Amino acid sequence: MYDLFLYHFYCGSTSTSNLDYDIYFFHVSTGGGSAGCNTLYQLAKRGVKAVLLERAKVTAGETWHSSGLILQMRLSDLEIKMRSSTRSLIGGLHKETGIDPGWHNNGGLYVARSKVRLDEYKRVNTLAKNFGIETQLLDPEETKKLFPLLDSSMIKGALYCPSDGVVDPTKFCKALTTAALKQGAMVFEDCSVDRILVGTNHFGVKMIEGIVTSKGVIRTKCIVNSAGAWASQVANLAGLRVPVLALKHSYVVSNKMPSVVGLPNIKDSDGRIYFRVKGESLCMGGFEYNPIMVEKMPEDHAFTLFELDWKVFESHMQQAMEMVPSFETAGVETTVCGSECFTPDLKPLVGEDPRLRGFFHNCGFNAGGVVLGGGCGEQLAQWIIDGRPAVHMYPFDIRRFTPEQMENKTWCKERCHESYVNNYKIYFPHDEPLAGRNLKQDPFHEELLVAGAVFEEEQAYERPGWFNPQGYAPIPPYDWYGAYGFTRNMDKRYLNLLKGDRTFGFSKHHLAIGSECLACREEVVLMDFSYFCKLYMVGPETQKAADWLFSADTDVPIGKAVYSCLLNKRGGIEADLLVTPITSGSGTQADPIFKGLGMFIVAGGASASQTRAHIKSVLGEEGFEVDIFDFSAKVGLLAVQGPASREMLQPLVDCDLSDELFPYSTSKIIRLGGHQVRAMRTSFVGELGWEIHIPWHSCLPVYLALWEQGKKFGLRHAGYRALYSLCSEKGYRLWNSDVRSDDNPIEAGLGFSCRRDGGAYLGKEAVEMARQEGIKKRHVFLTIADQVPLHGLETIWRDDRIVGYLRRGEYGFSLGCAIGQGYVQDPDGKLITDEFLTTGKYEIEVMGVRHSAKLHLKSPFDPHNKRLHGIYDEPLPVREAFAQ
Ligand SMILES: Cc1cc2nc3c(=O)[nH]c(=O)nc-3n(C[C@H](O)[C@H](O)[C@H](O)COP(=O)(O)OP(=O)(O)OC[C@H]3O[C@@H](n4cnc5c(N)ncnc54)[C@H](O)[C@@H]3O)c2cc1C
């Protein structure tokens, strides 16, 4: 957040005069393409003094040659939201600015060559209803009626979105900048950003101070990197590396085909191509396996195209001719080969860089910078002004990458290549990248691999997803999908297991995962949580900082573990974690030496970089006298969970594990197998169990001791697929799905973690307001008796009206049914009440079919927490049902 002082300056046209502003500009956008123009427009609209600097002319980079397709449908709530925001913006821009953005509403046809693709579109069709976007599923003949040139024998059906269309990107940017100029913004063309000035504040935080351009210096505290394919070069000016890669991307334009006039555009994802109708021509582009990488973008590349390489492009011609046979006879009139900025996970790079305050990114659009530009520009403007965006943007937020990922060029290159290749992939609930694997492994990796672990990659770490009873499946080196002369990997063990997950039905590994879940509920399992975030907060103001950061009361006895949320000023949940007050110890990584009070903070691994960034940003803002030490990569973490955990662990440790001497939610330094560790009696699965924090060098011996001892108790390994199922069944929330930065704790059903007394904390005012005035959405659990899987994003119906969608879906193996978590809203916009929630007929729509559902305010599994306290006097619901 920055102090705003408004500066209205009318500049009737873009300027080429000299720039020497020793005045303060609130915001400087580097790069005048879709991203820069949208950001400028949104900031100016909000009264912010903003300036756009463009090395050449506005749109000269990638934007001018874009196909301008506005296709809103993707199997992601955030993608749909951002894309439809751009669509709405374009729709209203002519009226608002008097300038025609060149909008043509000819609709979008998403054709499916395979059944599984049609399943994906059925899921999208269900999700789109939540955003009020009309879509229809069509059979091949209906599709052909809309696009008669199509060979309907090639397809199984299509999804049709009538509100899709195309925009003229140059006119769009002209409308945006003209509107921004009228609001007082400034645009400087032929003005390159040559240096970024960085300073350090008195808390040691690095901050933007200004910018040196070819036309002079500007003092500013906020710069947006909207430099498209040049984004990494601009980041380098600030001494930073960002995970993006420029790749060439092309389309060809057909000779005249008069019969295409007025037809919709086509996305043929299985053929890896798209068709855009442009007057009497068809433009056709695609995403090949062997794209050309551009290591460094030429600085003088303005309104310029690259030469199209037919050897690279030719595979698309075949696909295009299959889908639209007349495309072959029409022939190609011209080619367009541009460059585009790709990221390692196909999502844009947006938001403030956690390494440099005031340095925002709005780049990495993966060939979607026009359709995503409006939505992202709007959110970024709010981010700059309010400190956080209005929408939960984490999937696009630069914070999702770890420092290791950002620094590793090879990793980035592999993953960006795979992003390009997979741009039109099907979004399966469990799929894994093949590129850039094995970047970080924990000390248990080899043991777990041999035990059959099928690894998943999260935050650069390899974590065990599930354990394959048929033996081990190592991840082979990246084979670039056979491109660039690489031979495809012969070892297909890992790939074949991934294929078992490529369905929207039950995974082939469903039963294997289920048996891990039941082993946890009935015996005992070992889980590797080593990639979790583990921080120590120490210093003279530790309690003061904890009081401000954490919503829960952490002024509790030493060793007591407290569950807390971390909020933003709007009360949105930025992280949730366990925090334990500790005192100075003996000097091991699990028991460090420091002065006074310390806080040991443990947070989930999947959002570890977000948790760290949030904590550091809040502490940096407030200037508390504390230090944060990150021990995540120095301390391993094993969880022993299940009814037999105490009996199994007791002979290995030097302390009494009874309820009296080691109660639930407490933590102690103990010796296990002769090694000093921190044991926490806690559970993310809802069972009796301990989480054991182990100094790195002791990890292997402790693991071996546990495994040897566990043999007597039927100890089994369990992975993250089991963990997510178990925790959802128990009613625990995962950050980034069940709770997010746009949910407050009252909405999330986590009011218990927000103290009423005990002074202020960040976000308290918003929480208290929600308590007093009520809320408009509420977190719920839904179960369905029909044996169909829930994967998240399914629509929730109440009395035949849509009231929300599932954020996450799992199969509850102990409940014997699928269980989802989501938020329910009153469709009439009223405050939500328990009466509204607990009455009415609920259904969940799965791929177009509605299944009767039961709503629960609390998860139905072990609602009284007996199992956490070691009380096992009730059979599992699934066993009970089986016995009857
Ligand atoms: C062939 C092709 C077809 C496409 N089709 C579509 C489509 O149908 N729909 C869609 O949504 N997207 C499409 N895209 C992607 C889309 O064009 C881009 O994502 C989008 O234009 C990116 O906009 P941008 O503002 O990030 O980058 P750019 O438009 O490249 O703008 C960046 C600007 O930064 C300037 N700059 C760089 N360095 C500096 C510096 N140091 N100082 C000052 N200025 C600097 C550059 O001159 C440039 O003008 C397509 C891309 C290609 C290549």
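How many residues sit between β26 and β27 in their hairpin, and which glycine in the turn has a positive phi? There are five residues between the two strands, and the glycine is Gly571, with a positive phi of about 90 degrees. Keep in mind that this is a predicted model.

**Around β27**

Let's stay with that hairpin for a moment. Strand β26 spans residues 562-567 and runs antiparallel to β27, with six bridges joining the two. One of the pairs here is Leu567 with its bridge partner Ile573 in β27. On to another neighbour: β27 also pairs in the antiparallel sense with strand β28 (residues 597-603), this time over seven bridges. There, Thr583 stands opposite Leu597 of β28. As for β27 itself (residues 573-583), 10 of its 11 residues are buried, which leaves the strand mostly covered.

**Another hairpin, and the pairings side by side**

Strands β22 and β23 make a hairpin too, with two residues between the strands. Gln459 takes the positive phi in this one, near 50 degrees. Ala453 has Phe467 of β23 as its bridge partner. Here is how some of the antiparallel pairs line up:

| Strand pair | Residues given | Bridges |
|---|---|---|
| β22 and β23 | 453-458 and 461-467 | six bridges |
| β32 and β33 | 675-681 and 689-695 | three bridges |

**An open sheet**

β32 and β33 turn up again in an open sheet of six strands, ordered β31-β32-β33-β30-β24-β34, with mixed pairing. The edges belong to β31 (666-672) and β34 (716-717); each has a single partner strand, so one side of each is left without a neighbour in the sheet. Within the sheet, Ala679 has Ile692 of β33 as its bridge partner.

**The nonpolar core**

Ile692 also shows up among the contacts of Val640, whose full set, leaving aside residues up to four places away in sequence, is Val524, Leu526, Ser645, Met648, Leu649, Gly689, Trp690, Ile692 and Leu706. Val640 belongs to the largest nonpolar core, which has 246 residues. Along with Leu40, Ala185 and Leu723, Val640 touches the most other members of that core. Helix α5 (residues 169-182) supplies the largest share, seven residues.

**Domains**

Now for the bigger pieces. The domain assignment splits the chain like this: domain 1 takes 21-64 + 170-242 + 346-396, domain 2 takes 98-165 + 246-341, domain 3 is 407-508, and domain 4 is built from 532-581 + 591-627 + 744-768. The centres of domain 1 and domain 4, taken over C-alpha atoms, are 31 Å apart. Where these two meet, six residues of domain 1 are in contact with seven residues of domain 4. On the domain 1 side, the touching residues break down into four nonpolar, one polar and one charged.

**What the UniProt record lists**

UniProt, in an unreviewed entry, lists "domain: FAD dependent oxidoreductase" for residues 31-383. Over that stretch the chain is 30% helix and 27% strand, with the end C-alpha atoms 19 Å apart. The record, again marked as an unreviewed entry, also has "domain: FAD dependent oxidoreductase central" covering residues 386-440. Residues 386-440 come out at 35% helix and 0% strand, and their end C-alpha atoms are 35 Å apart.

Note on methods. Residues are numbered from 1 along each chain as its sequence is written. This is a predicted model: local features need pLDDT of at least 70, side-chain atom pairs count only at pLDDT 80 or more; totals for chains, interfaces and linings use all residues. UniProt positions are given in the numbering used here, feature names are shortened, and annotations may be inferred rather than shown by experiment. Helices (H or I, at least four residues) and strands (E, at least two) are DSSP runs, numbered from the N terminus. A nonpolar core is a set of buried Ala, Val, Leu, Ile, Met, Phe, Trp, Tyr and Cys residues joined through C-beta atoms within 7 Å. A residue is buried if 20 or more other C-beta atoms lie within 10 Å of its own, exposed if 12 or fewer, and partly exposed in between; C-beta atoms are placed from the backbone. Two strands pair if DSSP finds at least two bridges between them. Domain bounds come from an automatic or database domain assignment. Ala, Val, Leu, Ile, Met, Phe, Trp, Tyr, Cys and Pro count as nonpolar, Asp, Glu, Lys and Arg as charged, and the others, Gly among them, as polar.
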